[in-house]
Amino acid sequence: MSTSQDELCPPDFGEDRLDLSLLTSGKVRAFIQLSIAVNYARALPEGTTLPLEMIVQGPSPQSYVRRVYSRSRPTVLLFSPKEGGSHLVVLREFAHNKWWGRIVIPVEGPLLDPPRPV
């Protein structure tokens, strides 16, 4: 019995299927904990497979955060930004369908590293 291409790499492989939304109300500030809701509805009926990885990247390398969820799927992601500026938050599967979701959050506050000319 041969394996088809769709079994090896289904058409929805690597799609943006996890919805992230900011639960924190008001202005987002540095050093204040943020809550981000995770909705897995678009990943049904297959669902996601653990482990899941959360990555946060702000304007400077010092604001990088990585967490791995290997016991249960998070419904809320929590983190405290260390600086102001735009922060990208990504939640993704390590394997299975490699589905992911992301949100960009503008944060008020000082930058850790001053901008450098290119």
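Select Leu20 and then Val38 in β2: these two residues stand opposite each other. The model on the screen is predicted, and this pair is a convenient point of entry to it.

**First stop: the three-stranded sheet**

Extend the selection from Leu20 and Val38 to the strands around them. β1 and strand β2, which covers residues 34–39, run antiparallel and are joined by four bridges. Add β5 to the selection, and an open sheet of three strands appears in the order β1-β2-β5, paired in antiparallel fashion. Its edges are β1 (19–22) and β5 (76–79); each has a single partner strand, so one side of each is left without a neighbour in the sheet. Fitting axes to the strands shows that neighbours in this sheet are turned by 25 degrees against each other on average, direction ignored.

As background to both sheets on this tour, strands of a sheet pair through backbone hydrogen bonds, in a parallel or an antiparallel arrangement.

**Second stop: the whole chain**

Clear the selection and colour the model by secondary structure. The protein contains one helix and seven strands, and along the sequence these elements follow the pattern α-β-β-β-β-β-β-β. Switch to a surface representation coloured by accessibility: of the 118 residues, 35% count as buried. A contact map offers a further view. Among contacts between residues at least 6 apart in sequence, 62% join residues at least 24 apart.

**Third stop: the four-stranded sheet**

Now select β4, β3, β6 and β7. In that order they make up an open sheet of four strands with antiparallel pairing. The edge positions belong to β4 (65–69) and β7 (100–107), and each of these has a single partner strand, so one side of each is left without a neighbour in the sheet. Here the average turn between neighbouring strands is 15 degrees, direction ignored.

Within this sheet, isolate strand β6 (residues 85–93) together with β7; eight bridges join the two, which run antiparallel. Begin at Gly85, whose bridge partner in β7 is Val107.

**Fourth stop: His87**

From Gly85, move along to His87, which is also found in strand β6. Is His87 buried or exposed? Its relative accessibility is 0%, and therefore His87 counts as buried. Display its side chain and the backbone of Gly85: a polar atom of the His87 side chain lies 3.1 Å from the backbone oxygen of Gly85.

Next, show the surroundings of His87, leaving aside its neighbours within four places in sequence. The residues in contact with His87 include Val56, Gln57, Gly58 and Pro59, as well as Phe79 and Pro81. Ile103, Val104, Ile105 and Val107 are also among its contacts.

**Fifth stop: Glu83**

Select Glu83, in the loop between β5 and β6. Which side chain of opposite charge is nearest to Glu83? It is Lys82, at 8.9 Å; Glu83 is buried yet has no salt bridge.

Two polar neighbours of Glu83 deserve display. The side chain of Ser60 makes a polar contact with the side chain of Glu83 at 2.5 Å. The backbone nitrogen of Leu112 lies 2.9 Å from a polar atom of the Glu83 side chain. Beyond its neighbours within four places in sequence, Glu83 is in contact with residues including Ala30, Gly58, Pro59, Ser63 and Val107. Pro110, Leu111, Leu112 and Asp113 are in contact with Glu83 as well.

**Last stop: backbone geometry in the loops**

Most peptide bonds are trans, and most residues other than glycine have a negative phi. The remaining selections concern cis bonds and positive phi values.

Where in the model is Pro45 found? Pro45 is in the loop between β2 and β3 (52–57), and the peptide bond leading to it from Leu44 is cis, with omega near 10 degrees. Pro51 lies in the loop between β2 and β3 too; the bond from Leu50 to Pro51 is cis, with omega near 5 degrees.

For positive phi, select Phe31 in the loop between β1 and β2. Phe31 is not a glycine, yet its phi is positive, at about 70 degrees. With 58% relative accessibility, Phe31 counts as exposed.

Finish at His96, in the loop between β6 and β7. Its phi is near 55 degrees, again a positive value in a residue other than glycine. His96 is partly exposed, with a relative accessible area of 37%.

How values were computed. Residues are numbered from 1 along each chain as its sequence is written. This is a predicted model: local features need pLDDT of at least 70, side-chain atom pairs count only at pLDDT 80 or more; totals for chains, interfaces and linings use all residues. Side-chain values use heavy atoms; hydrogens and water are left out. Two strands pair if DSSP finds at least two bridges between them. Axes are lines fitted to C-alpha atoms, for helices over the stretch in contact, and angles run from 0 to 180 degrees between N-to-C directions. Buried means under 20% relative accessible area, exposed over 50%, partly exposed in between (1.4 Å probe, protein chains only). Lys and Arg count as positive and Asp and Glu as negative; His and the chain ends are not counted. A salt bridge is a side-chain nitrogen of Lys or Arg within 4 Å of a carboxyl oxygen of Asp or Glu. A polar contact is a pair of N or O atoms within 3.5 Å; within protein, one must be able to donate a hydrogen and the other to accept it, and residues adjacent in sequence count only if both atoms are side-chain atoms. Contact means heavy atoms within 4.5 Å.
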